[in-house]
Structure formats: structure tokens, C-alpha cells
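This briefing goes through a single protein chain, topic by topic, for a reader at the bench. Please keep the sequence and the structure at hand while reading.

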Amino acid sequence: MKPRLTVLMWAAFVMGSSTGLLAAPLTLTTDMIKDTLIKVKVKDGEQLLDSEPAGKNFQKTGSPRIGRSDGGITRVLFRIDVSNLRLLEPKNIQDVRLVINYVYPRGNPALGLYQITDDDADWKLDQATWKQKNSGNKWAGGPGGGGPGDGTYGQEPLDTCKADGHPGQAVFHIPSSVIRTWIESEESQNPGLMLKSEDEGSVMIHTQGYPPASSTHFHIDGEWEPDADFHRKASGEVTLLGSPGIDRQLMEKTLQSVLKEFNPNLHK
């Protein structure tokens, strides 16, 4: 997945080319998020692990229903790409949020966002199912992650949010210490997150497979002091929303030479 940069962050790159970047409060937003679902059928309170959903991978499903519905339970796994954030060397992260768009809640559900534990940090996006974290390896905590704290996800949620409107946004606040750990560790050691229903309710969320792919966002507020070459190192796509004429004037004329000289790895 190619990174998409917000206008605020991208503008900082362009200004930095001529003014230099100093430490200042800034909100960074990214949709460099990969997700997949894990599902199981339930009958008389028992998980049917021999059912098709329990052994199937559900990438890019669009608007799945999370929680309990139609005799089954669904959860979603997230892994957030923080590779570009490593260039910034954050010194004072103030607030971190994962914002998920949702529709059609049933039963006023409470959603819990959990950190995956180190025991199961090696789950694979294209292999994770209710029965296994990757090909041939079961979840340490048991099917679907087992009970909280038993090896797959933390004992307590990082945050919870009530889905009580349509449409709506579920905003989860994440401790800054968690993000610092991700930034400071290798990409393969980023354990990711699990979203699950805390009660009998359910809600449809827009995963990254739902057009447009930017339906889930990750926001970080903090003071940032990039090194001198930061704006040259950053790469990704710049997406402009608005008039095609303004798009052409800005990208193909006004900023063309500046981008070529100072931001060669940013593309429209």
C-alpha cells in the first residue's frame, strides 16, 4: 500500500524546502493501515471451528459487520505502517487516535480496541483467520485470540467507544508509549491492534477495502523536529480533492519545479 499524505503534512515538506523546519506542534495523519477480518460461527454458545468462516481469510471486505450477528462473531485486525514516522524522530507525542467510520449499529454496541501481544505479533495479513495467526500456527491465546490477556491481546482495551449513531465515527485514543514502541522497533515487531465488540451489539465499519481506501485514519499530535533531509527522504502519494483545473495549475505548473528539486519521491 502506498502512503497517502495529508495536505497539512505535505505543505510542511514544501515549506521546509525553503524555510527550514523547526520543532512545532503538528498533527500527522496517515491511512497507511492494513486490515483483515477473523470470523467464526456460533451455535448454542459454542464456536463452530469447523465452519468455513473460521478457516477463511477476509481481506478487503468493504463494510463488514463487527461483533455478533447472524449466528457469528467478527473481529478486525489492524497493522499501522509507521515507516515514515521514523523519519521525524518524535520527541513529545501528545495525543494519538485511530478513527474508524461506521454505519448501522445494532444494540448500541461498545467497541474495544486492544493491542496484540508480543506472543502473536507475527500474525500475517493474508493468512490470519479465527483459527490461526499465520499459516500452520494457532493464536497463542486460543481461537479468535482466546480470552483477553491469554496471549493474543491485552487484558484491558487501549480504549473503548460506543457506536450510537448512523453514520458515525469511533475515535480510539491510544497511549503515546505504544506508538513510540512501534516507531523504535523493527517493522516486523509491530504487533498491531484488534477491534472487537465488548457486548452483544454489532456495527458495520468501513475497512480499507471500502472505496475510498482512506476510511480509517491514524492521527498523531506532537512536537516534531525533522532532520534537514526529512522532506527529501519522505515518499508517497499526494491526493488533492477539488477542481481538476486547480489540481493541474498547482501540481503541473506552480509546484512542478519545487517538487522535482526538493520532493522527488512524492507523486500525485
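Two rings of Phe, Tyr or Trp (for Trp, its six-membered ring) are taken as a pair if their centres lie within 6.5 Å, and planes over 60 degrees apart make the pair edge-to-face. A search of the whole structure, which is a predicted model, finds 2 aromatic pairs. The chain itself has 268 residues, of which 47% count as buried, and its secondary structure consists of 5 helices and 18 strands.

**Overall character of the chain**

- Among the contacts in the chain with a separation of 6 or more, 80% come from residues that are 24 or more positions apart.
- The accessible surface of the chain is about 13100 Å², and carbon and sulfur atoms make up 49% of that surface.

**Aromatic rings and the charges over them**

- One of the aromatic pairs joins Tyr-114 and Tyr-153, whose ring centres are 4.9 Å apart and whose planes stand at 70°, so this pair is edge-to-face.
- Tyr-114 belongs to strand E9 (residues 110-115), whereas Tyr-153 lies in the loop between strand E11 (137-138) and strand E12 (159-162), so the pair ties together parts that are 39 residues apart in sequence.
- Because buried means under 20% relative accessible area, Tyr-114 qualifies with its 4%, and Tyr-153 qualifies with its 1%.
- Charged side chains are also placed over rings: the charged end of Lys-39 sits over the ring of Phe-58, at 4.3 Å from its centre, and Arg-79 lies over the face of Trp-123, at 4.1 Å from the ring centre.

**Salt bridges**

- The search of the whole structure finds 8 salt bridges, and one of them is formed by the side chains of Asp-95 and Arg-97, with an N to O distance of 2.7 Å.
- Within this bridge, Asp-95 is partly exposed at a relative accessible area of 24%, while Arg-97 counts as buried at 15% relative accessibility.
- Asp-95 and Arg-97 also take part, together with Asp-221, in a network of salt bridges.
- A further salt bridge brings together the side chains of Asp-120 and Lys-133, at 3.0 Å from N to O.
- This second pair links distant parts of the chain, since Asp-120 is in the loop between E9 and strand E10 (132-134) and Lys-133 is in strand E10, 13 residues apart; both Asp-120 and Lys-133 are buried.
- The side chains of Glu-198 and Lys-196 meet in a salt bridge as well, with 3.3 Å between N and O; here Glu-198 is partly exposed, with a relative accessible area of 34%, whereas Lys-196 counts as buried at 10% relative accessibility.

**Nonpolar cores**

- As background, nonpolar side chains in soluble globular proteins tend to be buried together.
- The largest nonpolar core of this chain has 34 residues, and the members that touch the most other members are Leu-98, Ile-174, Ile-179, Leu-195 and Phe-218.
- Strand E8 (residues 92-106) gives the most to this core, contributing 5 residues.
- Leaving aside residues up to four places away in sequence, Leu-98 touches a set of residues that includes Ile-33, Phe-78, Ile-80, Leu-113, Phe-172, Ile-174, Leu-193 and Phe-218.
- A second, separate core consists of 15 residues, among them Leu-125, Trp-130, Tyr-153 and Met-194; Tyr-153 is thus also a partner in the edge-to-face pair described above.

**Backbone details worth checking on screen**

- Most residues other than glycine have a negative phi, and most peptide bonds are trans.
- The peptide bond from His-166 to Pro-167 is cis, with omega near -15°, and Pro-167 is found in the loop between E12 and strand E13 (168-173).
- Tyr-104 has a positive phi of about 50° although it is not a glycine; this residue is in strand E8 and counts as partly exposed, at 47% relative accessibility.
- Asn-108, likewise a residue other than glycine, has a positive phi near 50°; Asn-108 lies in the loop between E8 and E9 and, at 38% relative accessibility, counts as partly exposed.

Key:
Residues numbered from 1 in each chain as written. Heavy atoms only, no water. Phe/Tyr/Trp six-rings, centres within 6.5 Å; stacked < 30°, edge-to-face > 60°. Helix = DSSP H or I, 4+ residues; strand = E, 2+ residues; numbered from the N terminus. Buried < 20%, exposed > 50% of the residue type's maximum accessible area, 1.4 Å probe, protein only. Lys NZ or Arg CZ within 6 Å of the ring centre and 35° of its normal. Contact = heavy atoms within 4.5 Å. Areas by Shrake-Rupley, 256 points an atom, 1.4 Å probe, with all protein chains shown as cover. Salt bridge = Lys/Arg side-chain N within 4 Å of Asp/Glu carboxyl O. Core = buried A, V, L, I, M, F, W, Y, C linked by side-chain atoms within 4.5 Å.
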